[in-house]
Amino acid sequence: MTAADPIAAAMTRALALAADAGAAGDVPVGAVVLDPSGRMTGEGRNLREQTHDPTAHAEVVALRAAAEAHGSWNLEGHTLVVTLEPCVMCAGAILQARVGRVVFGAWDDKAGAAGSMYDVLRDRRLPYRAEVVGGVEADAATALLREFFEQRR
């Protein structure tokens, strides 16, 4: 990835958002939505602890912001860049928003729904699917998660 690459810039921003989430006491996950031209239109970080909302995952927060900026729930052609493989709930939200591509950092062997535990985003039985690219900046994303959980043990 080059510095001019919108995916690289989005992942850099998502990692910063994840670090902010971790510093605030939430699991360090950050997400950014890119419109079809590569412009960042929404971002979010885990806010479950802050808002006491079980649905306040980074992906959902970012999708809500992008939909507001776009003026529509339909984010077809958009890309979601997130530091951790989406869970089942987030995969469902991604498909409901019709996001075309998901790029993520760390794999989630316990709850991932983009290829590790489940493959909801590419399930041929569903009416809509997303392209999935995993492992982008995985070391940096994994390091944030590892440090966060080691501090809590």
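Trainee: Which elements do the buried residues of α3 pack against?
Mentor: In this predicted model, the buried residues of α3 include V60, V61 and L63. Their packing partners comprise three strands and one helix, namely β1 (30–34), β2 (40–45), β3 (79–84) and α4 (88–96).

Trainee: Which residues of α3 are buried?
Mentor: An α-helix has 3.6 residues a turn, so residues three or four places apart point the same way. Buried here stands for a relative accessible area under 20%. In α3 the residues that count as buried are A58, E59, V60, V61, A62, L63, A66 and A67.

Trainee: What span does α3 reach from its first C-alpha to its last?
Mentor: Helix α3 covers residues 58–70, which makes 13 residues. At 1.5 Å a residue, 18 Å is expected, and the model comes close to that. The span from first to last C-alpha is 18 Å.

Trainee: Which residue follows α3, and what is the sign of its phi?
Mentor: The helix runs over residues 58–70. Next comes G71, with phi near 80°, so to be read against the sign asked for: positive.

Trainee: Which residue forms a salt bridge with E43, and why does the pair tie together parts far apart in sequence?
Mentor: The closest N and O atoms of the pair are 2.7 Å apart. E43 lies in strand β2 and its partner in helix α1 (residues 6–23), so the bridge ties together parts that are 30 residues apart in sequence. E43 is partly exposed at 33% relative accessible area, and the partner is partly exposed at 31%. That partner is R13.

Trainee: In the salt bridge of R39 and D35, is D35 buried or exposed?
Mentor: The two side chains meet at 3.4 Å, N to O. R39 has a relative accessible area of 52% and is exposed. For D35 the relative accessibility is 12%, and the class is buried.

Trainee: What is the N to O distance between D119 and R122?
Mentor: D119 is partly exposed, with a relative accessible area of 32%. R122 is also partly exposed, at 35%. Their side chains meet in a salt bridge, with an N to O distance of 3.0 Å.

Trainee: Which helix gives the most to the lining of the largest pocket?
Mentor: The largest pocket holds about 550 Å³ of space. Of its 23 lining residues, those closest to the centre are V27, L84, D108, L145 and F149. The lining divides into 11 nonpolar, three polar and nine charged residues. With five residues, the helix that gives the most is α5 (residues 138–151).

Trainee: How many charged residues are in the lining of the second largest pocket?
Mentor: This pocket has about 180 Å³ of space. Its lining is made up of W73, G92, L95, Q96, R98, V120, L126, P127 and Y128. Six are nonpolar and two polar, and the number of charged residues is one.

Trainee: Where is H52, a residue other than glycine with a positive phi?
Mentor: Phi of H52 is near 60°. H52 is exposed, with a relative accessible area of 68%. Its place is the loop between α2 (48–51) and α3.

Trainee: What value is phi of E137 near?
Mentor: E137 lies in the loop between β5 (131–133) and α5. At 40% relative accessibility, E137 is partly exposed. Its phi is positive, although the residue is not glycine, and the value is near 55°.

Note on methods
Residues are numbered from 1 along each chain as its sequence is written. This is a predicted model: local features need pLDDT of at least 70, side-chain atom pairs count only at pLDDT 80 or more; totals for chains, interfaces and linings use all residues. Side-chain values use heavy atoms; hydrogens and water are left out. Helices (H or I, at least four residues) and strands (E, at least two) are DSSP runs, numbered from the N terminus. The expected span of a helix is 1.5 Å times one less than its number of residues. Buried means under 20% relative accessible area, exposed over 50%, partly exposed in between (1.4 Å probe, protein chains only). Contact means heavy atoms within 4.5 Å. A salt bridge is a side-chain nitrogen of Lys or Arg within 4 Å of a carboxyl oxygen of Asp or Glu. On a 1 Å grid over the protein atoms alone, a cavity is a set of points where a 1.4 Å probe fits but cannot get out, and a pocket is an open set with protein on both sides within 12 Å along at least five of seven lines; lining residues have an atom within 4 Å of a point. Grid points are joined across faces, edges and corners, and a volume is the space filled by probe spheres set on the points. Ala, Val, Leu, Ile, Met, Phe, Trp, Tyr, Cys and Pro count as nonpolar, Asp, Glu, Lys and Arg as charged, and the others, Gly among them, as polar.
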